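Hi everyone, thanks for making time for this one. I'd like to walk you through a structure, so please have the viewer open.

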Amino acid sequence: MAASIGVTMPLTALYSRAQSRPPTQKSEEEPEIIGIQVARDDGTFLGFAVENLALVMRFYDEEKKPMAADVARATVWWDPVNKAGKVRTVMNPGADGVSLQSPAKLRPPYVYQVVVTVIGADGEAGETYFVDLKNLPDSK
């Protein structure tokens with residue numbers, strides 16, 4: 001028998017009561033978008049990151065899970081603080097199939113904005129995004 005604040009019950013009852021509790025369920029974690037998250041008009045998302053001095057744009061579905069790139073390429077330009085004039089380049093599909101990558105031209109410090117215009121398979125320009133690299137959570 002065990003007594004606890006005026007309640008007396010057999011120890012086996014305490015043990016069985018503890019065992020009968022349902023296990024605590026871990027909340028399902030929301031998938032993480034790498035880099036700066038940008039919501040698109042169709043409900044999907046883009047993630048912008050700088051990896052090995054290259055701008056990487058990844059594509060995510062409505063549930064923030066990686067998906068295949070739905071554009072052929074993108075143009076990107078920026079006005080770096082450590083160089084005179086604007087830098088322009090093209091982002092092409094990455095080897096992973098879920099990203100577009102620029103050549104390795106982005107030099108720190110990342111205190112500027114890049115302008116990205118996506119280009120569809122038909123060659124027509126689509127959406128344009130202004131991405132402030134100061135908001136990068138972690139740069140490599």
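Let me start with a definition: a charge sits over a ring if NZ of Lys or CZ of Arg is within 6 Å of the ring centre and within 35 degrees of the ring normal. Please keep in mind that what you see is a predicted model. With that rule in hand, look at Lys-64: its charged end sits over the ring of Phe-45, 5.0 Å from the ring centre. Lys-64 belongs to the loop between S5 and S6. Is Lys-64 buried or exposed? The relative accessible area of Lys-64 is 14%, and since buried means under 20%, this lysine is buried. Leaving aside residues up to four places away in sequence, Lys-64 touches Glu-30, Pro-31, Ile-33, Gln-37 and Phe-45.

Now let me step back to the whole chain. The mean pLDDT of the protein chain is 83, with 78% of its residues at 70 or more. The part to treat with care is residues 12-24, where the pLDDT is below 50. Beyond near neighbours in sequence, that stretch has three contacts in the model.

As for the fold, the protein chain has one helix and 10 strands. Along the sequence the pattern reads β-β-α-β-β-β-β-β-β-β-β. Of the 140 residues, 35% count as buried. The accessible surface comes to about 9100 Å², and carbon and sulfur atoms account for 51% of that. If you like contact statistics, here is one: among contacts between residues at least 6 apart in sequence, 48% join residues at least 24 apart.

Let's zoom in on strand S9, residues 113-119. How many of its seven residues are buried? Six of them are, and the strand is mostly covered. S9 pairs on two sides of the story. With strand S6, residues 73-78, S9 runs antiparallel, joined by six bridges. In that pairing, Thr-75 stands opposite Thr-117 of S9. With S10, the pairing is again antiparallel, over six bridges, and here Ile-119 stands opposite Ala-125 in S10. The hairpin of S9 and S10 has five residues between the strands, and Gly-123 takes a positive phi near 90° there.

A good residue to click on in S9 is Val-115. Val-115 has 8% relative accessibility, so it counts as buried. Its contacts, not counting residues up to four places away in sequence, are Thr-75, Val-76, Trp-77, Thr-128, Tyr-129 and Phe-130. Val-115 and Thr-75 are 40 residues apart in sequence, yet their C-alpha atoms are 8.1 Å apart in space.

Next, the aromatic rings. Rings pair here if their centres lie within 6.5 Å, and by this rule the count comes to two aromatic pairs. Take Phe-48 and Tyr-129: the ring centres are 6.4 Å apart and the planes meet at 55°, so the pair is tilted. Phe-48 is in strand S4 (residues 45-51) and Tyr-129 in strand S10 (residues 125-132), so this pair links distant parts of the chain, 81 residues apart. Phe-48 counts as buried because its relative accessibility is 0%, and Tyr-129 is buried too, with a relative accessible area of 9%. Tyr-110 and Tyr-112 also form an aromatic pair, with centres 6.4 Å apart and 65° between the planes, which makes it edge-to-face. Both of these tyrosines are buried.

Last stop: the backbone, for those of you who check torsions. Where is the cis peptide bond I want to show you? Go from Pro-108 to Pro-109: that bond is cis, with omega near 5°. Pro-109 is found in the loop between strand S8 (99-101) and S9.

Then look at the loop between S4 and S5, which holds Asn-52 and Leu-53. Asn-52 has a positive phi of about 55° although it is not a glycine, and Leu-53, not a glycine either, has a positive phi of about 65°. With 63% relative accessibility, Asn-52 counts as exposed, whereas Leu-53, at 26%, counts as partly exposed. Leu-53 also has a partner to look up in space: Ser-102 is 49 residues apart from Leu-53 in sequence and 8.9 Å apart, C-alpha to C-alpha.

That's my tour; happy to go back to any view.

Definitions and conventions
Residues are numbered from 1 along each chain as its sequence is written. This is a predicted model: local features need pLDDT of at least 70, side-chain atom pairs count only at pLDDT 80 or more; totals for chains, interfaces and linings use all residues. Side-chain values use heavy atoms; hydrogens and water are left out. Rings of Phe, Tyr and Trp (its six-membered ring) pair if their centres lie within 6.5 Å; planes under 30 degrees apart count as stacked, over 60 as edge-to-face and the rest as tilted. Helices (H or I, at least four residues) and strands (E, at least two) are DSSP runs, numbered from the N terminus. Buried means under 20% relative accessible area, exposed over 50%, partly exposed in between (1.4 Å probe, protein chains only). pLDDT is the predictor's confidence in each residue, from 0 to 100. Contact means heavy atoms within 4.5 Å. Accessible areas come from the Shrake-Rupley method with a 1.4 Å probe; for residues, only the protein chains shown count as cover. Two strands pair if DSSP finds at least two bridges between them.
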